[in-house]
Amino acid sequence: ISAFFYSLQLSHKHELNVVFDPLSLSNSDNYTEKQLEYISTWIDDFITEQQRFISYVKSVIKLRQDYTKWINKRLNDNAERYEAGETILSTRFEDSNLRPIPEISSRTEGLLELGQLNRFCDQMSQHIDSSLNKLVL
């Protein structure tokens, strides 16, 4: 199409008083490629953030299962100790010798990355729409 416009511009220079530069798609490829690289980077970052969160959730689930097993065993031991007239053992988490449950990391970064990804996709969509409109002309 660019070649057609160029030949049309050269062959009918005197009859046409039109500037074809706005219809040029020469910068479109660079822009599209750069935007796709940005989108790819944001997708990689978002996936990394999701994997980190999934790892955190699995860790918390494992710790809670360990604590549940420990508390059930401790309650059974305390029931036996109570029947035997012995002192009851503490059921506090601090006395379990288990690793404490870590604090949840902020989910803000993942949401920001998702917002950036959405913005880049919208920009790409607008750019592709305008490029297609140029091709139709």
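How many aromatic pairs does the count come to? In this predicted model, the count comes to four aromatic pairs. One of them joins Tyr38 and Phe120, whose ring centres lie 5.3 Å apart with their planes at 25°, and because planes under 30 degrees apart count as stacked, this pair is described as stacked. Since Tyr38 belongs to helix 2 and Phe120 to helix 3 (residues 108–136), the pair ties together parts of the chain that are 82 residues apart in sequence.

The two partners differ in their exposure to the surroundings: Tyr38 has a relative accessibility of 37% and therefore counts as partly exposed, whereas Phe120, with a relative accessible area of 9%, is buried. Ring pairs also bring in Trp42, so that Tyr38, Trp42 and Phe120 are linked into a cluster. The ring of Phe120 has a further neighbour in Arg119, the charged end of which sits over this ring at 5.2 Å from its centre.

Elsewhere in helix 2 lies Arg52, which counts as partly exposed because its relative accessibility is 46%. The C-alpha atom of Arg52 is separated by 9.4 Å from that of Ser105, although the two residues are 53 residues apart along the chain.

As regards confidence, the protein chain has a mean pLDDT of 77, with 76% of its residues reaching 70 or more. Among the elements of the chain, helix 2 (residues 26–84) has the highest mean pLDDT, at 85, while helix 1 (residues 2–11) has the lowest, at 61.

Methods: Residues are numbered from 1 along each chain as its sequence is written. This is a predicted model: local features need pLDDT of at least 70, side-chain atom pairs count only at pLDDT 80 or more; totals for chains, interfaces and linings use all residues. Side-chain values use heavy atoms; hydrogens and water are left out. pLDDT is the predictor's confidence in each residue, from 0 to 100. Helices (H or I, at least four residues) and strands (E, at least two) are DSSP runs, numbered from the N terminus. Buried means under 20% relative accessible area, exposed over 50%, partly exposed in between (1.4 Å probe, protein chains only). Rings of Phe, Tyr and Trp (its six-membered ring) pair if their centres lie within 6.5 Å; planes under 30 degrees apart count as stacked, over 60 as edge-to-face and the rest as tilted. A charge sits over a ring if NZ of Lys or CZ of Arg is within 6 Å of the ring centre and within 35 degrees of the ring normal.
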